[in-house]
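Grab a pencil and work through the exercises below. Each one has a task and then a step-by-step solution.

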Amino acid sequence: RRRRRRPGRTRRCQPNCGAGYTVSSQTSCDRGILNAAVCNPDSCSIAAPAHGSLGTCGAELASGSSCNLDCNAGYTASPSAQTTCTAGTATVVVCNPDACAVNAPTSGALGDCTSSLASGSSCVPSCDEGHTVSGTFSCFAGQVTTTAVCNADSCVLVAPTNGELGS
């Protein structure tokens, strides 16, 4: 035997939303009028990137919104400083350490160095004949932390044949 629905009775159901969305209410039908629930996009929790800060962002970002994160001095945002929230997922911003500009030392050349030294790297320049390298170039977050120089070699004095060194 089939049950008959009584007119005027409200029926409700709870729909499910996809990932990144939250249902706003229940769907209901009352006297032939449908009140459909809506799946709203989730907001995003925003955290400062390593070596950076929240910049113009707050701890929470509405879906469809953007803000800019900041990187500390010596670091650059990648792919950009802007993060965008889409249905509970924010684009990732990474603060990468800056490279250092390196120039050949006086009386020398770059050697195994390049004009742009990656952060965390070091290299040794070469020196012209009659000079010896002292030290290395090292880079950390856009700052040259150690430098190299080419020092002139000292001369060895030799007494001339049939002679001696004077004072």
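**Exercise 1.** Find how far apart the mean positions of the positive and negative charges of the protein are.

Step 1: Count Lys and Arg as positive and Asp and Glu as negative, leaving out His and the chain ends. That gives 10 positive and 10 negative charges.
Step 2: Place each charge at NZ of Lys, CZ of Arg, CG of Asp or CD of Glu.
Step 3: The two mean positions turn out to be 72 Å apart.

Before going on, note that this is a predicted model, where local features need pLDDT of at least 70, side-chain atom pairs count only at pLDDT 80 or more, and totals for chains, interfaces and linings use all residues. Residues are numbered from 1 along each chain as its sequence is written, and side-chain values use heavy atoms, with hydrogens and water left out.

**Exercise 2.** Work out how the radius of gyration of the protein compares with that of a compact globule of 167 residues.

Step 1: Take the radius over C-alpha atoms, and use the globule rule of 2.2 Å times the number of residues to the power 0.38.
Step 2: The rule puts a compact globule near 15 Å, but the protein has 35 Å.
Step 3: Check the box along the principal axes: the C-alpha atoms fill roughly 135 × 35 × 15 Å.
Step 4: Look at burial too, with buried meaning under 20% relative accessible area (1.4 Å probe, protein chains only). Buried residues come to 19% of the 167.

**Exercise 3.** Say what secondary structure the protein has, then take apart the sheet S18-S21-S22.

Step 1: Use DSSP runs, numbered from the N terminus: helices are H or I of at least four residues, strands are E of at least two. The tally is zero helices and 23 strands.
Step 2: Strands pair if DSSP finds at least two bridges between them. On that basis S18, S21 and S22 make an open, antiparallel sheet in that order, with S18 (122-123) and S22 (143-146) at the edges, each pairing on one side only.
Step 3: Three bridges link S21 (residues 137-140) to S22. Cys139 has Val144 as its bridge partner, while Ser138 sits opposite Thr146.
Step 4: The S21/S22 hairpin has two residues between its strands, and Ala141 takes a positive phi near 50° there.

**Exercise 4.** Which strands are the edges of the sheet S9-S12-S13?

Step 1: The three strands form an open sheet with antiparallel pairing.
Step 2: S9 (66-68) and S13 (89-90) each pair on one side only, making them the edge strands.
Step 3: Three bridges join S9 to S12 (residues 82-86), and Ser66 has Thr84 in S12 as its bridge partner.

Key: Buried < 20%, exposed > 50% of the residue type's maximum accessible area, 1.4 Å probe, protein only.
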